[in-house]
Number of protein chains: 2
Amino acid sequence: MKPFVLIAEDESAVSELLLYNLKKEDYDVAVAADGEEALMMIDERAPDLILLDWMLPKVSGIEVCRRIRNGGANPNMPIIMLTARGEESDRIRGLDTGADDYVTKPFSTTELMARVRAVLRRIRPGLKEDKITVGDIIIDRVAHRVMRNEGEIHLGPTEFRLLDYFMQHPGRVFSREQLLDTVWGSDVYVEARTVDVHVGRLRKALRQGGGEDPIRTVRSAGYALRGD
Amino acid sequence: MKPFVLIAEDESAVSELLLYNLKKEDYDVAVAADGEEALMMIDERAPDLILLDWMLPKVSGIEVCRRIRNGGANPNMPIIMLTARGEESDRIRGLDTGADDYVTKPFSTTELMARVRAVLRRIRPGLKEDKITVGDIIIDRVAHRVMRNEGEIHLGPTEFRLLDYFMQHPGRVFSREQLLDTVWGSDVYVEARTVDVHVGRLRKALRQGGGEDPIRTVRSAGYALRGD
DNA sequence: CACAATTGTCACATAACTGTCGCGGAGCAG
DNA sequence: CTGCTCCGCGACAGTTATGTGACAATTGTG
(Lines give C-alpha, C1' and ligand atoms only; values in the text may rest on other atoms or scores of the structure.)
Protein backbone atom coordinates (compact mmCIF):
# COMPACT_ATOMS: atom_id res chain seq x y z
CA MET A 1 0.00 0.00 0.00
CA LYS A 2 1.11 3.50 -0.81
CA PRO A 3 2.28 5.58 2.12
CA PHE A 4 -0.15 8.36 2.95
CA VAL A 5 1.41 11.78 3.50
CA LEU A 6 -0.39 14.74 5.02
CA ILE A 7 0.76 18.24 4.16
CA ALA A 8 -0.14 20.79 6.81
CA GLU A 9 0.75 24.07 5.20
CA ASP A 10 -1.17 27.30 4.71
CA GLU A 11 0.77 28.82 1.83
CA SER A 12 -0.73 27.25 -1.24
CA ALA A 13 2.40 27.88 -3.29
CA VAL A 14 4.35 25.61 -1.00
CA SER A 15 1.65 22.99 -0.56
CA GLU A 16 1.06 22.76 -4.31
CA LEU A 17 4.74 22.22 -4.89
CA LEU A 18 4.88 19.50 -2.27
CA LEU A 19 1.69 17.92 -3.56
CA TYR A 20 3.08 17.74 -7.05
CA ASN A 21 6.39 16.22 -6.02
CA LEU A 22 4.95 13.73 -3.57
CA LYS A 23 2.39 12.49 -6.06
CA LYS A 24 5.11 12.10 -8.61
CA GLU A 25 6.92 9.81 -6.14
CA ASP A 26 3.75 7.79 -5.83
CA TYR A 27 2.51 8.72 -2.38
CA ASP A 28 -1.07 9.27 -1.39
CA VAL A 29 -1.26 12.93 -0.41
CA ALA A 30 -3.69 15.28 1.29
CA VAL A 31 -3.44 18.93 2.27
CA ALA A 32 -4.64 20.68 5.41
CA ALA A 33 -4.65 24.47 5.35
CA ASP A 34 -4.65 25.09 9.09
CA GLY A 35 -3.90 23.35 12.37
CA GLU A 36 -7.46 22.52 13.17
CA GLU A 37 -8.01 20.84 9.85
CA ALA A 38 -4.71 19.05 10.23
CA LEU A 39 -5.67 17.58 13.59
CA MET A 40 -8.97 16.42 12.20
CA MET A 41 -7.37 14.69 9.25
CA ILE A 42 -4.71 13.15 11.44
CA ASP A 43 -7.47 11.72 13.54
CA GLU A 44 -9.54 10.43 10.67
CA ARG A 45 -7.03 9.24 8.16
CA ALA A 46 -3.97 8.30 10.22
CA PRO A 47 -1.22 9.49 7.87
CA ASP A 48 2.07 7.66 7.65
CA LEU A 49 3.91 10.95 7.67
CA ILE A 50 3.11 14.60 8.23
CA LEU A 51 4.87 17.56 6.68
CA LEU A 52 4.06 20.14 9.27
CA ASP A 53 4.48 23.86 8.82
CA TRP A 54 5.77 25.63 11.88
CA MET A 55 3.40 28.55 11.53
CA LEU A 56 -0.16 27.49 10.98
CA PRO A 57 -3.43 29.37 11.44
CA LYS A 58 -5.77 28.44 14.32
CA VAL A 59 -3.53 25.79 15.88
CA SER A 60 0.22 26.20 15.45
CA GLY A 61 2.41 23.47 14.04
CA ILE A 62 4.28 23.01 17.26
CA GLU A 63 1.01 22.54 19.12
CA VAL A 64 -0.14 19.99 16.59
CA CYS A 65 3.14 18.18 17.07
CA ARG A 66 2.82 18.24 20.82
CA ARG A 67 -0.71 16.88 20.71
CA ILE A 68 0.30 14.04 18.45
CA ARG A 69 3.19 13.11 20.67
CA ASN A 70 1.40 12.99 23.94
CA GLY A 71 -1.98 11.57 23.69
CA GLY A 72 -2.59 11.34 19.97
CA ALA A 73 -3.95 8.24 18.33
CA ASN A 74 -0.50 7.28 17.14
CA PRO A 75 2.23 8.94 19.16
CA ASN A 76 4.86 7.50 16.85
CA MET A 77 3.57 9.28 13.80
CA PRO A 78 6.53 10.56 11.80
CA ILE A 79 6.68 14.33 11.53
CA ILE A 80 8.85 16.53 9.38
CA MET A 81 8.73 20.14 10.47
CA LEU A 82 8.87 22.95 7.92
CA THR A 83 10.32 26.13 9.37
CA ALA A 84 11.39 29.51 8.08
CA ARG A 85 15.09 29.99 7.67
CA GLY A 86 17.10 30.89 10.73
CA GLU A 87 15.26 30.56 14.02
CA GLU A 88 17.79 28.25 15.58
CA SER A 89 15.91 28.16 18.84
CA ASP A 90 12.80 27.17 16.98
CA ARG A 91 14.64 24.30 15.42
CA ILE A 92 15.60 23.04 18.78
CA ARG A 93 12.12 23.43 20.12
CA GLY A 94 10.83 21.57 17.09
CA LEU A 95 13.03 18.58 17.73
CA ASP A 96 12.35 18.81 21.42
CA THR A 97 8.66 18.63 20.81
CA GLY A 98 9.32 15.45 18.97
CA ALA A 99 9.59 16.16 15.26
CA ASP A 100 11.57 13.48 13.47
CA ASP A 101 13.25 15.90 11.14
CA TYR A 102 13.01 19.50 10.08
CA VAL A 103 13.55 21.39 6.86
CA THR A 104 14.07 25.11 6.52
CA LYS A 105 12.21 27.05 3.87
CA PRO A 106 13.04 27.62 1.12
CA PHE A 107 14.15 24.04 0.58
CA SER A 108 15.36 21.91 -2.25
CA THR A 109 12.56 19.56 -3.27
CA THR A 110 14.99 16.73 -3.97
CA GLU A 111 16.41 17.10 -0.49
CA LEU A 112 12.99 17.09 1.06
CA MET A 113 12.01 14.01 -0.92
CA ALA A 114 15.14 12.30 0.31
CA ARG A 115 14.20 13.11 3.89
CA VAL A 116 10.69 11.87 3.34
CA ARG A 117 12.04 8.59 2.07
CA ALA A 118 14.47 8.42 4.98
CA VAL A 119 11.78 9.00 7.58
CA LEU A 120 9.42 6.52 6.02
CA ARG A 121 12.20 3.98 5.85
CA ARG A 122 12.81 4.48 9.53
CA ILE A 123 9.29 3.85 10.70
CA ARG A 124 9.23 0.22 9.79
CA PRO A 125 11.30 -0.98 12.74
CA GLY A 126 10.56 1.87 15.11
CA LEU A 127 6.88 1.47 14.75
CA LYS A 128 5.41 -0.07 17.81
CA GLU A 129 2.64 -2.57 17.85
CA ASP A 130 -0.83 -1.18 18.24
CA LYS A 131 -1.86 -3.88 20.66
CA ILE A 132 0.09 -6.09 22.98
CA THR A 133 -1.27 -9.04 24.90
CA VAL A 134 0.45 -10.59 27.87
CA GLY A 135 -1.47 -13.19 29.80
CA ASP A 136 -4.98 -11.86 30.31
CA ILE A 137 -4.02 -8.23 29.84
CA ILE A 138 -4.43 -6.39 26.56
CA ILE A 139 -3.07 -2.93 26.03
CA ASP A 140 -4.24 -0.92 23.06
CA ARG A 141 -1.89 1.97 22.55
CA VAL A 142 -3.90 3.48 19.75
CA ALA A 143 -7.15 3.59 21.65
CA HIS A 144 -5.21 4.18 24.85
CA ARG A 145 -7.16 1.45 26.56
CA VAL A 146 -6.38 -1.47 28.77
CA MET A 147 -8.53 -4.59 29.03
CA ARG A 148 -8.35 -7.52 31.39
CA ASN A 149 -10.72 -10.44 31.07
CA GLU A 150 -13.24 -8.50 29.01
CA GLY A 151 -13.33 -5.65 31.51
CA GLU A 152 -11.84 -2.26 30.81
CA ILE A 153 -9.26 -0.89 33.21
CA HIS A 154 -8.90 2.82 33.73
CA LEU A 155 -5.33 3.99 34.25
CA GLY A 156 -3.79 7.39 34.81
CA PRO A 157 -1.22 8.55 32.27
CA THR A 158 1.78 7.44 34.29
CA GLU A 159 0.36 4.05 35.11
CA PHE A 160 -0.47 3.60 31.46
CA ARG A 161 3.08 4.32 30.35
CA LEU A 162 4.38 2.09 33.08
CA LEU A 163 2.24 -0.85 32.05
CA ASP A 164 3.03 -0.13 28.43
CA TYR A 165 6.72 -0.38 29.14
CA PHE A 166 6.34 -3.54 31.17
CA MET A 167 4.33 -5.16 28.41
CA GLN A 168 6.98 -4.46 25.87
CA HIS A 169 9.39 -6.53 27.92
CA PRO A 170 7.38 -9.18 29.72
CA GLY A 171 9.34 -11.07 32.33
CA ARG A 172 12.21 -8.70 32.46
CA VAL A 173 13.10 -7.05 35.76
CA PHE A 174 13.60 -3.31 35.82
CA SER A 175 15.20 -1.35 38.61
CA ARG A 176 13.47 1.75 39.87
CA GLU A 177 16.17 3.83 38.24
CA GLN A 178 15.61 2.21 34.87
CA LEU A 179 11.91 2.79 35.12
CA LEU A 180 12.43 6.42 36.05
CA ASP A 181 14.76 6.83 33.10
CA THR A 182 12.42 5.36 30.56
CA VAL A 183 8.90 5.85 31.84
CA TRP A 184 9.35 9.20 33.51
CA GLY A 185 12.20 10.49 31.37
CA SER A 186 15.86 10.94 32.07
CA ASP A 187 15.56 14.64 32.78
CA VAL A 188 13.06 14.65 35.61
CA TYR A 189 14.16 14.02 39.13
CA VAL A 190 11.80 12.16 41.39
CA GLU A 191 12.37 9.86 44.30
CA ALA A 192 12.99 6.24 43.44
CA ARG A 193 10.27 5.25 45.87
CA THR A 194 7.75 7.05 43.73
CA VAL A 195 7.97 4.07 41.42
CA ASP A 196 6.67 1.90 44.23
CA VAL A 197 3.64 4.07 44.64
CA HIS A 198 2.81 3.98 40.97
CA VAL A 199 3.37 0.27 40.77
CA GLY A 200 1.00 0.01 43.69
CA ARG A 201 -1.58 2.09 41.88
CA LEU A 202 -1.14 0.03 38.75
CA ARG A 203 -1.63 -3.16 40.74
CA LYS A 204 -4.73 -1.80 42.38
CA ALA A 205 -6.23 -0.83 39.05
CA LEU A 206 -5.33 -4.16 37.49
CA ARG A 207 -6.94 -5.93 40.41
CA GLN A 208 -10.27 -4.74 39.03
CA GLY A 209 -9.96 -7.20 36.17
CA GLY A 210 -9.66 -10.17 38.51
CA GLY A 211 -6.93 -12.76 38.54
CA GLU A 212 -3.68 -12.68 40.41
CA ASP A 213 -1.18 -9.86 40.62
CA PRO A 214 0.59 -9.73 37.27
CA ILE A 215 3.46 -7.66 38.62
CA ARG A 216 6.27 -9.42 40.35
CA THR A 217 8.36 -7.67 42.99
CA VAL A 218 11.99 -8.71 42.97
CA ARG A 219 13.41 -7.64 46.25
CA SER A 220 16.42 -5.36 45.99
CA ALA A 221 16.18 -5.45 42.20
CA GLY A 222 12.92 -3.95 41.00
CA TYR A 223 9.72 -5.03 39.34
CA ALA A 224 8.74 -7.19 36.40
CA LEU A 225 5.62 -8.18 34.58
CA ARG A 226 4.90 -11.87 34.87
CA GLY A 227 5.56 -13.05 31.34
CA ASP A 228 4.37 -16.34 29.90
CA MET B 1 21.44 -14.89 9.92
CA LYS B 2 22.92 -11.57 8.91
CA PRO B 3 24.37 -9.48 11.69
CA PHE B 4 22.25 -6.43 12.43
CA VAL B 5 24.13 -3.17 12.74
CA LEU B 6 22.65 0.02 14.14
CA ILE B 7 24.07 3.35 13.05
CA ALA B 8 23.46 6.11 15.56
CA GLU B 9 24.57 9.21 13.75
CA ASP B 10 22.89 12.54 13.16
CA GLU B 11 24.87 13.73 10.17
CA SER B 12 23.13 12.12 7.25
CA ALA B 13 26.25 12.40 5.09
CA VAL B 14 28.06 10.10 7.47
CA SER B 15 25.17 7.76 8.12
CA GLU B 16 24.39 7.38 4.40
CA LEU B 17 28.01 6.49 3.75
CA LEU B 18 28.02 3.90 6.51
CA LEU B 19 24.66 2.57 5.42
CA TYR B 20 25.91 2.08 1.88
CA ASN B 21 29.09 0.33 2.89
CA LEU B 22 27.54 -1.89 5.50
CA LYS B 23 24.79 -3.01 3.18
CA LYS B 24 27.37 -3.79 0.56
CA GLU B 25 29.04 -6.10 3.07
CA ASP B 26 25.70 -7.80 3.57
CA TYR B 27 24.71 -6.61 7.00
CA ASP B 28 21.22 -5.70 8.09
CA VAL B 29 21.43 -2.01 8.85
CA ALA B 30 19.28 0.66 10.46
CA VAL B 31 19.87 4.31 11.21
CA ALA B 32 18.94 6.30 14.28
CA ALA B 33 19.25 10.05 13.97
CA ASP B 34 19.42 10.87 17.66
CA GLY B 35 20.10 9.25 20.99
CA GLU B 36 16.49 8.81 21.91
CA GLU B 37 15.73 6.99 18.72
CA ALA B 38 18.88 4.94 19.14
CA LEU B 39 17.81 3.78 22.59
CA MET B 40 14.41 2.85 21.29
CA MET B 41 15.80 0.80 18.46
CA ILE B 42 18.36 -0.83 20.70
CA ASP B 43 15.52 -1.83 22.94
CA GLU B 44 13.30 -3.12 20.20
CA ARG B 45 15.64 -4.68 17.71
CA ALA B 46 18.64 -5.79 19.77
CA PRO B 47 21.45 -4.95 17.32
CA ASP B 48 24.56 -7.09 17.14
CA LEU B 49 26.69 -3.98 16.90
CA ILE B 50 26.22 -0.26 17.29
CA LEU B 51 28.17 2.46 15.52
CA LEU B 52 27.64 5.24 17.97
CA ASP B 53 28.36 8.87 17.29
CA TRP B 54 29.85 10.72 20.22
CA MET B 55 27.72 13.78 19.71
CA LEU B 56 24.06 12.98 19.28
CA PRO B 57 20.97 15.14 19.68
CA LYS B 58 18.60 14.55 22.60
CA VAL B 59 20.64 11.88 24.31
CA SER B 60 24.41 11.95 23.80
CA GLY B 61 26.36 8.97 22.54
CA ILE B 62 28.19 8.54 25.78
CA GLU B 63 24.93 8.50 27.67
CA VAL B 64 23.55 5.90 25.29
CA CYS B 65 26.66 3.85 25.89
CA ARG B 66 26.35 4.18 29.63
CA ARG B 67 22.75 3.06 29.60
CA ILE B 68 23.52 0.03 27.50
CA ARG B 69 26.31 -0.99 29.79
CA ASN B 70 24.49 -0.76 33.03
CA GLY B 71 21.05 -2.03 32.82
CA GLY B 72 20.32 -2.53 29.17
CA ALA B 73 18.73 -5.67 27.86
CA ASN B 74 22.13 -6.79 26.64
CA PRO B 75 24.90 -5.08 28.56
CA ASN B 76 27.52 -6.74 26.39
CA MET B 77 26.31 -5.25 23.16
CA PRO B 78 29.34 -4.37 21.03
CA ILE B 79 29.81 -0.66 20.52
CA ILE B 80 32.11 1.24 18.19
CA MET B 81 32.31 4.91 19.08
CA LEU B 82 32.62 7.52 16.35
CA THR B 83 34.37 10.66 17.59
CA ALA B 84 35.70 13.84 16.07
CA ARG B 85 39.45 13.96 15.53
CA GLY B 86 41.62 14.80 18.50
CA GLU B 87 39.88 14.87 21.83
CA GLU B 88 42.19 12.40 23.46
CA SER B 89 40.34 12.69 26.74
CA ASP B 90 37.10 11.91 25.00
CA ARG B 91 38.62 8.78 23.59
CA ILE B 92 39.58 7.65 26.99
CA ARG B 93 36.19 8.46 28.39
CA GLY B 94 34.63 6.53 25.54
CA LEU B 95 36.58 3.42 26.29
CA ASP B 96 36.00 3.95 29.99
CA THR B 97 32.30 4.06 29.46
CA GLY B 98 32.59 0.72 27.82
CA ALA B 99 32.93 1.16 24.08
CA ASP B 100 34.67 -1.78 22.44
CA ASP B 101 36.46 0.34 19.90
CA TYR B 102 36.53 3.87 18.64
CA VAL B 103 37.12 5.50 15.29
CA THR B 104 37.93 9.16 14.72
CA LYS B 105 36.18 11.09 12.01
CA PRO B 106 36.98 11.45 9.20
CA PHE B 107 37.73 7.75 8.83
CA SER B 108 38.62 5.38 6.05
CA THR B 109 35.59 3.24 5.29
CA THR B 110 37.71 0.19 4.62
CA GLU B 111 39.33 0.57 8.01
CA LEU B 112 35.98 0.96 9.70
CA MET B 113 34.61 -2.10 7.93
CA ALA B 114 37.62 -4.03 9.13
CA ARG B 115 36.94 -2.96 12.69
CA VAL B 116 33.30 -3.89 12.36
CA ARG B 117 34.28 -7.36 11.24
CA ALA B 118 36.82 -7.58 14.03
CA VAL B 119 34.36 -6.63 16.73
CA LEU B 120 31.73 -9.00 15.42
CA ARG B 121 34.25 -11.80 15.23
CA ARG B 122 35.42 -11.21 18.72
CA ILE B 123 33.83 -13.35 21.36
CA ARG B 124 34.88 -12.44 24.81
CA PRO B 125 35.09 -15.24 27.34
CA GLY B 126 33.71 -13.19 30.21
CA LEU B 127 30.63 -12.51 28.20
CA LYS B 128 27.57 -12.63 30.33
CA GLU B 129 24.73 -14.68 29.01
CA ASP B 130 21.12 -13.93 29.69
CA LYS B 131 20.57 -17.49 30.77
CA ILE B 132 22.94 -20.08 32.10
CA THR B 133 22.19 -23.76 32.44
CA VAL B 134 24.21 -26.12 34.59
CA GLY B 135 22.83 -29.59 35.05
CA ASP B 136 19.16 -29.25 35.83
CA ILE B 137 19.41 -25.67 37.05
CA ILE B 138 18.61 -22.68 34.88
CA ILE B 139 19.27 -19.13 35.97
CA ASP B 140 17.73 -16.25 34.06
CA ARG B 141 19.48 -13.06 35.03
CA VAL B 142 17.23 -10.79 33.01
CA ALA B 143 14.02 -12.07 34.51
CA HIS B 144 15.83 -12.72 37.77
CA ARG B 145 14.47 -16.22 37.99
CA VAL B 146 15.81 -19.64 38.84
CA MET B 147 14.28 -22.86 37.58
CA ARG B 148 15.03 -26.47 38.44
CA ASN B 149 13.21 -29.28 36.72
CA GLU B 150 10.34 -27.09 35.56
CA GLY B 151 9.81 -25.71 39.04
CA GLU B 152 10.59 -22.16 39.99
CA ILE B 153 12.91 -21.58 42.89
CA HIS B 154 12.61 -18.49 44.99
CA LEU B 155 15.89 -17.05 46.23
CA GLY B 156 16.74 -14.04 48.32
CA PRO B 157 19.04 -11.44 46.77
CA THR B 158 22.22 -12.83 48.30
CA GLU B 159 21.44 -16.42 47.45
CA PHE B 160 20.66 -15.33 43.92
CA ARG B 161 23.99 -13.59 43.48
CA LEU B 162 25.75 -16.53 45.04
CA LEU B 163 24.19 -19.04 42.68
CA ASP B 164 24.77 -16.70 39.79
CA TYR B 165 28.45 -16.57 40.60
CA PHE B 166 28.71 -20.31 41.00
CA MET B 167 26.99 -20.89 37.69
CA GLN B 168 29.42 -18.69 35.88
CA HIS B 169 32.23 -20.96 37.01
CA PRO B 170 30.80 -24.44 37.36
CA GLY B 171 33.12 -26.91 38.99
CA ARG B 172 35.48 -24.33 40.36
CA VAL B 173 36.08 -24.19 44.09
CA PHE B 174 35.84 -20.84 45.85
CA SER B 175 37.10 -20.06 49.31
CA ARG B 176 34.83 -18.19 51.68
CA GLU B 177 37.05 -15.15 51.31
CA GLN B 178 36.75 -15.20 47.52
CA LEU B 179 33.00 -15.49 47.75
CA LEU B 180 32.81 -12.63 50.21
CA ASP B 181 34.91 -10.48 47.93
CA THR B 182 32.92 -11.11 44.80
CA VAL B 183 29.39 -11.88 45.91
CA TRP B 184 29.22 -9.60 48.91
CA GLY B 185 31.71 -6.99 47.74
CA SER B 186 35.20 -6.23 48.83
CA ASP B 187 34.16 -3.36 51.04
CA VAL B 188 31.83 -5.08 53.45
CA TYR B 189 33.11 -7.00 56.40
CA VAL B 190 31.21 -10.03 57.51
CA GLU B 191 32.24 -13.24 59.19
CA ALA B 192 33.51 -15.93 56.87
CA ARG B 193 31.09 -18.37 58.42
CA THR B 194 28.26 -16.29 57.07
CA VAL B 195 29.01 -17.84 53.72
CA ASP B 196 28.20 -21.23 55.19
CA VAL B 197 24.81 -20.03 56.26
CA HIS B 198 23.96 -18.64 52.85
CA VAL B 199 25.22 -21.72 51.08
CA GLY B 200 22.98 -23.66 53.41
CA ARG B 201 20.02 -21.48 52.53
CA LEU B 202 20.80 -21.84 48.86
CA ARG B 203 20.94 -25.61 49.22
CA LYS B 204 17.68 -25.67 51.06
CA ALA B 205 15.97 -23.60 48.37
CA LEU B 206 17.46 -25.70 45.60
CA ARG B 207 16.25 -28.84 47.33
CA GLN B 208 12.72 -27.73 46.39
CA GLY B 209 13.42 -28.58 42.78
CA GLY B 210 14.32 -32.18 43.59
CA GLY B 211 17.51 -33.98 42.70
CA GLU B 212 20.69 -34.18 44.66
CA ASP B 213 22.66 -31.38 46.23
CA PRO B 214 24.36 -29.49 43.41
CA ILE B 215 26.80 -27.75 45.73
CA ARG B 216 29.92 -29.55 46.76
CA THR B 217 31.64 -28.78 50.05
CA VAL B 218 35.41 -28.98 49.86
CA ARG B 219 36.63 -29.35 53.35
CA SER B 220 38.99 -26.61 54.50
CA ALA B 221 38.85 -25.01 51.05
CA GLY B 222 35.38 -23.78 50.23
CA TYR B 223 32.44 -24.60 47.98
CA ALA B 224 31.86 -25.37 44.36
CA LEU B 225 28.95 -25.99 42.05
CA ARG B 226 28.96 -29.48 40.62
CA GLY B 227 29.67 -28.84 36.97
CA ASP B 228 28.87 -31.53 34.45
C1' DC C 1 -12.65 30.15 39.75
C1' DA C 2 -14.31 25.66 41.54
C1' DC C 3 -13.84 20.85 40.70
C1' DA C 4 -11.93 16.47 39.54
C1' DA C 5 -7.95 13.86 38.31
C1' DT C 6 -3.31 13.03 38.81
C1' DT C 7 1.23 13.24 40.89
C1' DG C 8 5.19 13.03 44.09
C1' DT C 9 6.40 12.49 49.07
C1' DC C 10 6.03 11.02 53.50
C1' DA C 11 5.20 8.05 57.50
C1' DC C 12 4.25 3.90 59.29
C1' DA C 13 3.34 -1.18 59.37
C1' DT C 14 4.82 -5.36 57.78
C1' DA C 15 7.22 -8.69 55.32
C1' DA C 16 11.64 -10.34 53.82
C1' DC C 17 16.26 -10.82 54.44
C1' DT C 18 20.80 -10.76 56.96
C1' DG C 19 24.54 -11.84 59.99
C1' DT C 20 25.87 -14.28 64.21
C1' DC C 21 25.71 -17.88 67.74
C1' DG C 22 25.89 -22.23 69.44
C1' DC C 23 25.28 -26.99 69.41
C1' DG C 24 26.02 -31.40 67.49
C1' DG C 25 27.69 -34.27 64.01
C1' DA C 26 31.16 -35.35 60.27
C1' DG C 27 35.84 -35.71 58.62
C1' DC C 28 40.55 -36.61 59.42
C1' DA C 29 45.35 -37.55 61.47
C1' DG C 30 47.69 -40.29 64.52
C1' DC D 1 39.40 -44.99 68.98
C1' DT D 2 40.51 -40.20 70.41
C1' DG D 3 40.86 -35.59 69.97
C1' DC D 4 40.83 -32.00 67.04
C1' DT D 5 39.01 -29.06 63.39
C1' DC D 6 35.52 -28.05 60.15
C1' DC D 7 30.85 -27.81 58.66
C1' DG D 8 25.36 -27.99 58.74
C1' DC D 9 21.63 -25.95 60.52
C1' DG D 10 17.95 -24.18 63.64
C1' DA D 11 17.12 -20.02 66.21
C1' DC D 12 16.98 -15.16 66.71
C1' DA D 13 17.36 -10.34 66.89
C1' DG D 14 18.62 -6.52 63.99
C1' DT D 15 18.33 -4.42 59.52
C1' DT D 16 16.46 -3.35 55.13
C1' DA D 17 13.07 -3.24 51.49
C1' DT D 18 8.41 -2.90 50.22
C1' DG D 19 3.13 -1.92 50.46
C1' DT D 20 -0.08 1.46 51.25
C1' DG D 21 -3.11 5.24 53.07
C1' DA D 22 -2.91 10.18 53.61
C1' DC D 23 -1.94 14.66 51.85
C1' DA D 24 -0.53 18.77 49.54
C1' DA D 25 0.80 20.48 45.08
C1' DT D 26 -0.09 20.55 40.30
C1' DT D 27 -2.65 20.11 36.19
C1' DG D 28 -6.48 19.98 33.25
C1' DT D 29 -11.58 21.25 32.59
C1' DG D 30 -15.68 23.53 32.22
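Two strands are taken to pair if DSSP finds at least two bridges between them. With that in hand, the sheet of chain B in this predicted model is a good place to start. Three strands of chain B, in the order β10-β12-β11, form an open sheet with antiparallel pairing. The edges are taken by β10 (173-174) and β11 (215-218) of chain B; each has a single partner strand, so one side of each is left without a neighbour in the sheet. Between β10(B) and β12 (residues 222-225) of chain B there are 2 bridges, and these two strands run antiparallel. Readers who like to follow the pairing residue by residue can begin at B:Val173, whose bridge partner in β12(B) is B:Ala224. Against this sheet packs helix α6 (residues 157-168) of chain B, which touches β10 and β12 of chain B and has a direction at about 70 degrees to that of β12(B).

The helices of both chains can be followed in a similar way. In chain A, the axes of α6(A) and α8(A) cross at roughly 85 degrees and come within 10 Å. That makes α6(A) roughly perpendicular to α8(A). On the α6(A) side of the contact are A:Thr158, A:Glu159, A:Leu162, A:Leu163 and A:Phe166, which meet A:His198, A:Val199, A:Arg201, A:Leu202 and A:Leu206 of α8(A). Sorted by class, this contact comprises 6 nonpolar, 2 polar and 2 charged residues.

In chain B, helix α7 (residues 176-184) meets α8(B), their axes coming within 9 Å and crossing at roughly 70 degrees. The two helices, α7(B) and α8(B), are therefore roughly perpendicular to each other. Here B:Arg176, B:Leu179, B:Leu180 and B:Trp184 of α7(B) are in contact with B:Thr194, B:Val195, B:Asp196 and B:His198 of α8(B). The contact between α7(B) and α8(B) has 4 nonpolar, 2 polar and 2 charged residues.

Turning to the DNA, strand C is surrounded by 26 residues, the closest being A:Thr158, A:His198, A:Arg201, B:Thr158 and B:Arg201. Of the atoms of DNA strand C that come within 4 Å of the protein, 67% are from sugar and phosphate. Both chains reach the phosphates of this strand: a polar side-chain atom of A:His154 lies 3.1 Å from a phosphate oxygen of DNA strand C, and a side-chain N or O atom of B:His198 is 2.7 Å from a phosphate oxygen of DNA strand C. A base is approached as well, with a side-chain N or O atom of B:Arg219 at 3.5 Å from a base nitrogen of DNA strand C. The elements giving two or more residues to the surface near DNA strand C are α6 (157-168) and α8 (193-207) of chain A, together with α6 and α8 (193-207) of chain B. This surface holds 9 nonpolar, 9 polar and 8 charged residues.

DNA strand D has 22 residues around it, and A:Thr217, A:Tyr223, B:Thr217, B:Arg219 and B:Tyr223 come nearest. Sugar or phosphate supplies 51% of the atoms of DNA strand D within 4 Å of the protein, and bases supply the rest. The side chain of A:Tyr223 has an N or O atom 2.6 Å from a phosphate oxygen of DNA strand D, while for B:Tyr223 a polar side-chain atom lies 2.7 Å from a phosphate oxygen of this strand. For B:Thr217, the distance from a side-chain N or O atom to a phosphate oxygen of DNA strand D is 2.6 Å. At least two residues of the surface near DNA strand D come from each of α8 and β11 (215-218) of chain A and α8 and β11 of chain B. The classes here are 5 nonpolar, 4 polar and 13 charged residues.

Definitions and conventions: Residues numbered from 1 in each chain as written. Chains lettered and ligands numbered in written order. Predicted model: local features only at pLDDT ≥ 70, side-chain atom pairs only at ≥ 80, totals over all residues. Heavy atoms only, no water. Helix = DSSP H or I, 4+ residues; strand = E, 2+ residues; numbered from the N terminus. Contact = heavy atoms within 4.5 Å. Axes fitted to C-alpha atoms, helices over the stretch in contact; angles between N-to-C directions. Near = heavy atom within 4 Å. Polar contact = N/O pair within 3.5 Å; in protein donor to acceptor, adjacent residues only side chain to side chain. Nonpolar A, V, L, I, M, F, W, Y, C, P; charged D, E, K, R; others polar. Parallel < 35°, antiparallel > 145°, perpendicular 65-115°, else oblique.
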